[in-house]
Amino acid sequence: MATSARGCWRINPTCILHWRHWDEGYVLFDAASGLTHALNVIGAVCLETLAAGSRDEAELAAAVRHELDLGPDELSAGELHLLLARFDELGLAEPVSA
């Protein structure tokens with residue numbers, strides 16, 4: 001799957017996601033693929049935010065920073081883009097065509 005250049009993203013519509021949270025982090029099971037993923041809190045909040053609706057990377061970064069009370073240096077645009085690219089590789093999120 002190809003990634004977009006800092007555009008809009010959404011949860012892959014074929015995913016059927018089931019979440020579990022423990023003190024150490026999150027576990028996400030995608031019933032559609034049969035794959036289980038371990039997520040840190042930033043990854044989990046990112047996907048939960050996308051599950052509520054498509055967002056461009058700037059909106060998504062702002063929402064994640066707000067939810068977790070993070071400063072700009074704690075989640076850079078580059079880090080978020082790499083995270084989204086990884087989610088794309090895993091089939092969890094995808095860029096939205098313009």
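So, to start us off: over which residues does pLDDT stay under 50? That's residues 1-5, and for that stretch the model has 12 contacts beyond four places in sequence. This is a predicted model, so bear that in mind throughout. Where pLDDT is low, the predicted coordinates should not be read in detail. For the chain as a whole, the average pLDDT is 91, and 93% of the residues score at least 70.

Okay, on to the helices. Let's take H1 and H3 to begin with. Helix H1 covers residues 41-51, and it packs with H3 at an angle of about 70°, the two axes being 11 Å apart. That makes H1 roughly perpendicular to H3. Who's touching whom? On the H1 side we have Ile42, Gly43, Cys46, Leu47 and Leu50, and they meet Leu80, Leu83, Leu84 and Phe87 of H3. If you sort that contact by class, you get eight nonpolar residues, one polar and no charged ones.

Now H3 again, this time with H2. H3 runs over residues 77-90, and its axis comes within 10 Å of the H2 axis, with a crossing angle of roughly 105°. So here, too, we call the pair roughly perpendicular, H2 to H3. The H2 residues in this contact are Glu57, Leu60, Ala61 and Arg65, and from H3 we have Ala77, Leu80, His81 and Leu84. What's the mix by class? For H2 with H3, it's five nonpolar, one polar and two charged residues. Notice that Leu80 and Leu84 of H3 turn up here, and they were in the H1 contact as well.

While we're on H2, have a look at Ala62. Helix H2 spans residues 57-68, and Ala62 sits in it. Is Ala62 buried or exposed? Somewhere in between: its relative accessible area is 43%, so it counts as partly exposed. Its C-alpha is 10.0 Å from that of Ala77, and those two residues are 15 apart along the chain.

Next, the loop between H2 and H3, where you'll find Asp69. The phi of Asp69 is near 55°, which is a positive value in a residue that isn't glycine. Why point that out? Because most residues other than glycine have a negative phi. Asp69 is also exposed, at 70% relative accessible area.

Let's jump to another loop, the one between strand E1, residues 8-11, and strand E2, residues 17-22. Asn12 lies there. Unlike Asp69, which is exposed, Asn12 counts as buried, with a relative accessibility of 7%. And what's its C-alpha distance to Ala93? It's 4.6 Å, for two residues that are 81 apart in sequence.

Last topic: cysteines. How many disulfides do we count? Zero. Just as a reminder, a disulfide is a covalent bond between the sulfur atoms of two cysteines. For Cys15, the nearest cysteine sulfur belongs to Cys46, and it's 13 Å away, so with a cut-off of 2.5 Å Cys15 is in no disulfide. Cys46 isn't in one either: its nearest cysteine sulfur is that of Cys8, 13 Å away. As for where they sit, Cys15 is buried at 13% relative accessibility, and Cys46 is buried too, with a relative accessible area of 0%. Remember that Cys46 is also one of the H1 residues that meet H3.

That's it from me, thanks.

Conventions. Residues are numbered from 1 along each chain as its sequence is written. This is a predicted model: local features need pLDDT of at least 70, side-chain atom pairs count only at pLDDT 80 or more; totals for chains, interfaces and linings use all residues. Side-chain values use heavy atoms; hydrogens and water are left out. Buried means under 20% relative accessible area, exposed over 50%, partly exposed in between (1.4 Å probe, protein chains only). Helices (H or I, at least four residues) and strands (E, at least two) are DSSP runs, numbered from the N terminus. Axes are lines fitted to C-alpha atoms, for helices over the stretch in contact, and angles run from 0 to 180 degrees between N-to-C directions. Angles under 35 degrees count as roughly parallel, over 145 as roughly antiparallel, 65 to 115 as roughly perpendicular and the rest as oblique. Contact means heavy atoms within 4.5 Å. Ala, Val, Leu, Ile, Met, Phe, Trp, Tyr, Cys and Pro count as nonpolar, Asp, Glu, Lys and Arg as charged, and the others, Gly among them, as polar. pLDDT is the predictor's confidence in each residue, from 0 to 100.
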